[in-house]
Every structure is written in structure tokens, then in C-alpha cells.
Amino acid sequence: MGATNQRAQWNSKLGFILAAAGSAVGLGNIWRFPYVTQENGGGIFVLLYLVAVVFIGLPVMLAELTIGRHTQRNPVGAFKKISPRWKFVGLLGVATGAGILSYYSVVAGWTVGYIIKSATGDLDPKGFGAFLGNAPLQISYLILFLGLTGFVVARGVKDGIERMAKLLMPLLLLMMIGLIIRGLTLPTAAEGLKYFLMPDIDGLSGKTVLYAIGQAFYSLSLGMGAMITYGAYIGKKDNLATSALAVVSFDTLIAILAGFLIFPVIGHSLEKGGAGLVFVTMIEQFNQIPQGQWIALAFFLLLAVAALTSTVSLLEVVTAYFIDEWKFSRLKSVIIVCIVTGLLGIPSALSLGAVSGLSDIVGGKGFLDLMDFLIGNVSLCIGALLTCIFLVYRWGIGNAAEEVIASAPSFKPYVQIWRVLLGGIVPLAILSLIVYMAVTGGSL
């Protein structure tokens, strides 16, 4: 796919679903969802998260896919085609995708490092700090993961992204099931699953509700143009409504399975969240399990697969922009974006111990944390909010619904519900998230 006018499409609906689900499924599902669940009441958070996915995540997912399929363009070209004045929303999405790719690839690179550590038997939970402080290693793994991502995207939509998804997504699911079966045999399993699955009304709070909504956006890759980009490759005959439902369902399934994977291992107590969950707490548990080294190897391979399917979609967002708007070849676009995001990712790679000046820039946040807050939280929410406003009040819900109904006639009775959700409930939920982050200065 070079600088031509012919638009690539997915070979099959299954290929799209697996690729789009791969975009959504990532480190946010495998380790972020379990620790956010633990910190926000366990089962009650899971219940709220499922509600948020259905009434907030699914409508926005369908909105982004509809804009993409209708215009057959990257995010900038998509908004520009419908209303030129709104192309800034697409530019925000492309910038968000590039920004997230830069620091997400740093964290993704850690999975490669721990695959090597698992294979060589070097699993020391106290060694994570030293690992983060090793500048050459951090930069090397960043470059390695970006290079692997670039290799997939450079091969194109069908031969690269779709082929990868068809191979890796079933593999990811099988690996998760295997690890879950092993985890259920541990003595901590019953206690952990009870906390994960049993809603406790005492854990309900406004903060819990907001975090559930935030996790729904975070895990579904909304607000960054990824689903608009992937939607542009959907054929006109494919059912948009069932496609959106399938992607959301697959992503949610992986998140729930991640809970079944993590909680049986750690039980109820979780002393460390964030990166500490995977690279410290889980390592401590693996070291106490027979054959724990090889279970750890499978676990970090699983994380690497999840991370790769996400970085591929992030890179494709920016690559598609240069192909469509600048008429660059796919290979040239991939090389340019990988170089730029790699350079932008270096401060993030060095901000967690390697360079002290990058570890506390504003309010105790290091460069990577600051990038995650501004781009992975604030920018993401603003992008989703503007997309809802654009679809309902500029393009018009009627026009958008025509695009959906053309391939999904059964969606017609649900158009008014979609209007109410995108026109009122979803924007209010997103504004609540933005206000919360502005007041607290914290990430979701």
C-alpha cells in the first residue's frame, strides 16, 4: 500500500474483529484492570466497569467505527471529509496515538526484558528498580519493541496487521486459559476470586464509579483515533453494529480473564499496584510456585503479545495519516513515525531511575507519568468527548445511523438510545472524568 488511492480492507470480518480487539486488549487489560479493581472495591468495581462498557464504551466504539467506515480515511481525513473545520479532532487523535506509542513502547519493552529474565532464571522481585535504572537496557528494549511493531505495520493491513491478529489473539487467549487453570490450583485462589467476583456495596463511591468509566475508555482504545482508522478498512457490507459489539465483548472478556489470572495468584491483598503488580508482586508469587520460572515465562510472553497488538494499532493511526494526507508510502511513513516516537520515548525510558532530572518534573510526576496523565488520560477523554459532540450535533445522528443501518437494519430501533447516550449521558460521564482529573491532578 503506497501512495495510491486504493483503500486497503480487511480480508474478513473475523480478521477485523481480532485486529480491533487486539488494539483494545493490552497491558491495560492484563495488569491495570486487576490492580484498579483491587484498589476500588473488588467485585463492585467489576460490576460498575461492565455497566460502563455497555452504556459508555460500546456507543463510542460504534461511533468511531461508523466515522471511519463512512469516510474510509484516517482520523484527520475522516473529520475533514465530513466537516473541514473539525479536522482538529482528528489531529488530536493522531497526536494522542503518537504520544501514547512513545511511552507505551517503553513499558512494552519491559515485557521483553522479563521474558529474558524468566528464561535465564533471573527473577528477583527486588531487581525491578535496578532494571528501570539501567539506561542502555531501557533504550534498547524501547527500540526493539518499536522495531517489531514497525515490521508488522510496514507489511500492510492484510499481510501485517490482520495476519498478526489472527495468529496472536487466539494464542493470547489460549495462554491466558492455561495460566488461569494453573492459578486456580493455588491455595490463594478462593480468597482472591471471592474478592474479585463478589460485589460489596460498602466499596461503592463516586471515585469507584469514575474509575470504572475511566477503565472502560482506557481498555477499549477510545478517543485516540485507533477505531476510526480500523473502521476505515471495514467493507461496506460488514455489519457495523455486530462488529462493535464483538470487539467490545472480546476486550471485556480478556479483562475479566485477567482478573481470573491475577487474583488466584495474589489472593485478596495487593500491596503494589501499577508496574509493581506485574514486575514485583507476581514475581514474588512465581518464585514460590513449583516450576514458577516457566510459568513466569509464559506470563510475560502473554504480556508481550498483548502489548504488541496495541502498539501496532497506535502506529497504524499515525502511519495512515501520513499515507492519506501526505501521500507517503507505507514503509516511509512507518520509518518516520518509529524514529520520531522512539526519540520521544527516550525521556520516558530514562525517567524511572536512569536520569534523576526526569523523575520529578511536575507535582512528583516523572516524564513517563506526566505523558500518561496528559496524553493517556486527559487527551484521550477530550478526544472521545469531541467525537460524541461531532457525531450527534455536527454530522447528525441520523446521517451516522444511515451508515450503520445500511449494513445492520436491525439497529434501527436502537438509534434513539444511541442518540441519548452519545448526546447526553456519555459526554456528562467524560466531563466528570476531566473535572476529577483537574481537581485531583491524578490519573484514572
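**Notebook: a pocket and some aromatic rings**

I began with Leu58, whose place is in helix α3. The model I am reading is predicted. I looked up the exposure of Leu58 and found a relative accessible area of 21%. Because partly exposed begins where buried, under 20%, ends, Leu58 counts as partly exposed.

I then listed the contacts of Leu58, leaving out residues up to four places away in sequence. Leu58 touches Val53, Ala244, Leu245 and Val248. I also checked Leu58 against Ala438: the two are 380 residues apart in sequence, and their C-alpha atoms are 26 Å apart in space.

**Entry on the second largest pocket**

I turned next to empty space. Rolling a probe the size of a water molecule over the atoms shows where such space is left. For the second largest pocket I noted a volume of about 410 Å³. Its lining has 17 residues, and the closest to the pocket centre are Leu58, Leu62, Ala241, Phe411 and Tyr414.

Which helices each supply at least two residues of this lining? I recorded α3 (43-71), α12 (240-266) and α17 (415-440). The largest share, five residues, comes from α3. I sorted the lining of this pocket by class and obtained 14 nonpolar, three polar and no charged residues.

**Entry on aromatic rings**

I looked up the aromatic pairs and noted a count of 31. I chose Tyr195 and Phe263 for a closer reading: their ring centres are 6.2 Å apart and their planes stand at 45°, so I entered the pair as tilted. This pair links distant parts of the chain, with Tyr195 in helix α9 (residues 189-197) and Phe263 in helix α12, 68 residues apart.

Are Tyr195 and Phe263 buried or exposed? Tyr195 has a relative accessible area of 17%, and therefore I entered Tyr195 as buried. Phe263, at 0% relative accessibility, also counts as buried.

I also recorded one aromatic cluster, formed by Trp110, Tyr114, Phe128, Phe131, Tyr141, Phe279, Phe286, Phe299 and Phe300.

**Entry on charges over rings**

Where does the charged end of Lys207 sit? I found the charged end of Lys207 over the ring of Tyr211, 4.5 Å from the ring centre. I made a similar note for Lys332, which lies over the face of Phe328 at 4.2 Å from the ring centre.

Definitions and conventions: Residues numbered from 1 in each chain as written. Predicted model: local features only at pLDDT ≥ 70, side-chain atom pairs only at ≥ 80, totals over all residues. Heavy atoms only, no water. 1 Å grid on protein atoms, 1.4 Å probe; cavity = no way out; pocket = protein on both sides within 12 Å on 5 of 7 lines; lining within 4 Å. Points joined across faces, edges and corners; volume = space filled by probe spheres on them. Helix = DSSP H or I, 4+ residues; strand = E, 2+ residues; numbered from the N terminus. Nonpolar A, V, L, I, M, F, W, Y, C, P; charged D, E, K, R; others polar. Phe/Tyr/Trp six-rings, centres within 6.5 Å; stacked < 30°, edge-to-face > 60°. Buried < 20%, exposed > 50% of the residue type's maximum accessible area, 1.4 Å probe, protein only. Lys NZ or Arg CZ within 6 Å of the ring centre and 35° of its normal. Contact = heavy atoms within 4.5 Å.
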